[in-house]
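User: Please walk me through this model as you would at the bench. I'd like to start with how its strands are put together.

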Amino acid sequence: MRQHQRTQRRGFTRGQTLLATGIASLFLAGCGGSDDSDTPAQSLRVSTVSSMPEYVSGGDALVEIAPPAGATGTPVVTLDGRDVSAAFKATSTGTYLGKVEGMAVGEHTLAARMGEATGSLTLTNYPVTGPMISGPHESPYVCATATFAGIPVGSTGLGNPLDANCSVPTRVTYVYRSTAAGRPVVAWAPPTTGIPTANPVYPADMEFLVMDGTNKRVPYLVRVETGTINRSIYQSIILHDPLTEPAPSPTTRPANWNGKLMYPLGGGCQGGWYMQGNNVSLSINDTWFKRGYAAVTSTLNTFGTNCNDLLSSETVAMTKERFTEAYGKPTYTIGTGGSGGAYQSYQTSDNYPGLFDGIIVNSVFPDVTTATIFKIFDSRLLNNYFNTSGRTFTVDQKKAISGYLQVNQISNMSGSAARLDPVVSFPAGFPNELKYNPTTNPTGTRATVYDHTVNVYGKDARGFAQRPIDNVGVQYGLKALLAGAITVDDFLDLNARIGGLDPDMKPQTARTTGDLGAIRRAYQSGRILNGGGGLATTAIIDRRDYFDDAVGGDIHQKIHSYSVRERLTKANGNFDNHVIVGPGNIQDDTLGLMDTWLSGMLADTSAAAKREKLIKARPAALVDACWIGTTKVIEPSTAAGAGQCNTAYPAGTTPRLVAGGPLADDIVKCQLKPVNLADYAPVTFTDAQAAALRATFAAGVCDWSKPGVEQQGLKSTWASFGPSKKNLVFDITNPTATP
């Protein structure tokens, strides 16, 4: 069976302005596009449903033709002059829907006519193996089709890959939920003759599912499609009974699909590179299926496999495109996940609007590049300093300097900094002879999150990825000093000796200086979450969990939810589309509330802006709250301050916030200002101490009141790093070019 896959997005219309950034969004209405002329001769609207016309993949696209009032007959449709009219069928809404196939890589012209009405559209097709916008493929790359451990696809599995892009044929299988102990998921091959039938015979142990809302009892039978897209393995799951229903298509949808789509995204990061991955964050989920949802995801949407949000977003687009071509356009799509799944939910929503309409996240971080890496980088420095300085600090002093509620968080986060070390976090099965070693293999493959995302950051003169990380002028322990938790001499010794980390994560005396080009592109392309792109019109529910009190330390700190909220406020003027429920034993039906929210927004046919509709549609029951025992406490969720929730679940901060950094935690490289002793009041310095302070910060200290160096808004959403030239931010094939 031929493998193929695709892309889809809906959000801003052409020319709509990105809130808070003032950058023109470059999308076409309705997820794709239509002709731009208003002349009578161009009155037949032709648009892509499965993707924007600029980003078609796999050689096919689902297309809708909307005739003008009074048009008669059926559309005559051609692709590059070839008649494809037979692909189109009339829909109940009066439009025509069809999948156009057989496109080679490159541009194609789709033209349609109904009587005197005509319309046309240019489609740009990319290989099913990618890339479209993420830049050149990563190499080396370890295939995993032979060990794939996702939802069962039959006794033979996926087998060995067919090519260097880790491809396998697309296959459709069925599984059912069994009534046996443990309710296992069982692969099943339905009969191939005599269906659909009025008298179906199911396996004796098949469970029947009672659908929410209707109490309809249906076979717990799930159609599973598995294949490869963008060098990842994808799976889609949907309730479908092959014994009583026709084969599904955009015009014959499964009877028990509610038309809505879940897109689960997996966590992780460290070691998540150079591999296809052998599992997906997908399960036969009772909650989803009882409500009629379908779901789809891929291996490259698990950050433990792929810690590159740009590549993840591209894979979401292509995978969702494939789902849409198979079943039709979803009413809405919800991205969901924790930790690395939260990264993806936020960054895909903001940078590639239309892929997700709402997100439900937990264990939140705003992005990979800033808050998380700032924290682990600074923790490695503090851990090195505390272990080697010879200076005695109490547990409370270390906590005050780091901002953490538990002192072991420092060493824990220092360990997490291994994702920045080029020799540590290689995935299992990676060939030893290819691994970077500064002595024995200095040109080998480097195991860092930066090198994994080199298409964004570019390379330095040695061929290493440039790094958007900097600590020049950062005054570690500043708030601890001002609060009297440490002495002036402690503060001076810490900042004089903490130093930096070189590209091999080796300690160095000098502070680390970030690469300006990498910093600039990180802001321009959304590797640093902005909040004013697609997130401005995305419904967001943060199911806040709590790990700040973990004695051994835990990377998932509460403070990051408020960094996201602060960025949304900076970009949009408020955070009215962002709700934090938790910590505690959350009792809210967040999926049901999200459904009410998105359905209400979609039902609003007024001329109001999309963000206005979104905020207006938020259910009254969906408010900030935490749970203390079994009691729901409704109060504004804040990073600090009074309140029952903060008393029960206090938030730690981070070393960079203790150093005076902003709550948004979005400044990579600070602007500097001269040392001014008045800034340290009521702390006083002797003349010798003042001289030591100025010597340590000869170039100046961070002025956090100003934007960071190269800090700027998104250059565009749907940013590309090639091969697509549309919205090109950085062309890795021509690093000296400035788009």
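Analyst: Happy to! Two strands pair if DSSP finds at least two bridges between them, and strands (E, at least two residues) and helices (H or I, at least four residues) are DSSP runs numbered from the N terminus. This is a predicted model, in which local features need pLDDT of at least 70, side-chain atom pairs count only at pLDDT 80 or more, and totals for chains, interfaces and linings use all residues. Residues are numbered from 1 along each chain as its sequence is written, and side-chain values use heavy atoms, with hydrogens and water left out.

User: Good to know. How many bridges join strand S8 to S9?

Analyst: Strand S8 covers residues 106-114, and S9 covers residues 117-126. S8 and S9 run antiparallel, and the number of bridges joining them is nine.

User: Which residue in S9 is the bridge partner of Leu110?

Analyst: Strands of a sheet pair through backbone hydrogen bonds, either parallel or antiparallel. For S8 and S9 the sense is antiparallel. The bridge partner of Leu110 in S9 is Leu121.

User: In the hairpin of S8 and S9, which residue takes a positive phi?

Analyst: The hairpin has two residues between the strands. The positive phi is near 65 degrees, and the residue that takes it is Gly115.

User: In what sense do strand S2 and S9 pair, parallel or antiparallel?

Analyst: Strand S2 is made of residues 56-57, and two bridges link it to S9. Ser57 stands opposite Tyr126 in S9. S2 and S9 pair in the sense called parallel.

User: How many of the 10 residues of strand S9 are buried?

Analyst: Buried means under 20% relative accessible area, exposed over 50%, and partly exposed in between (1.4 Å probe, protein chains only). S9 is largely enclosed by the rest of the structure, because the buried residues among its 10 number eight.

User: Let's turn to the open sheet. In what order do its four strands come?

Analyst: The pairing in this open sheet is antiparallel. Its edge strands, each pairing on one side only, are S1 (45-48) and S6 (88-90). The order of the four strands is S1-S3-S7-S6.

User: Which residue in S7 stands opposite Ala61?

Analyst: S3 spans residues 61-66 and S7 spans residues 96-100. These two strands run antiparallel and are joined by five bridges. Opposite Ala61, in S7, stands Val100.

User: Now the cysteines. How many disulfides does a search of the whole structure find?

Analyst: A disulfide is a covalent bond between the sulfur atoms of two cysteines; here a pair counts if the sulfur atoms are within 2.5 Å. If the bonded cysteines of the protein chain are numbered in sequence order, they pair as 1-2, 3-4, 5-6, 7-8. The number of disulfides found in the whole structure is four.

User: One of them joins Cys269 to Cys307. How many residues apart are those two?

Analyst: The S to S distance for this pair is 2.1 Å, and the link is left-handed, with -90 degrees about the S-S bond. Cys269 is in the loop between strand S16 (261-264) and helix H1 (286-290), while Cys307 is in the loop between strand S17 (294-298) and H2. At 2% relative accessibility Cys269 counts as buried, as does Cys307 at 1%. This disulfide links distant parts of the chain, with a separation in residues of 38.

User: Which helix holds Cys645, the partner of Cys626?

Analyst: The S to S distance between Cys626 and Cys645 is 2.1 Å, and their link is left-handed at -90 degrees about the S-S bond. Cys626 lies in strand S24 (residues 625-628), so the disulfide ties together parts 19 residues apart in sequence. Both ends are buried, with a relative accessible area of 1% for Cys626 and 9% for Cys645. The helix that holds Cys645 covers residues 644-648 and is H15.

User: And for the link of Cys670 and Cys702, how many degrees are there about the S-S bond?

Analyst: Their sulfurs are 2.0 Å apart. Cys670 sits in the loop between helix H16 (655-658) and strand S26 (672-673), Cys702 belongs to strand S27 (residues 701-702), and 32 residues separate the pair. Cys670 counts as buried at 5% relative accessibility, and Cys702 is buried at 5% too. The link is left-handed, and the angle about its S-S bond is -70 degrees.
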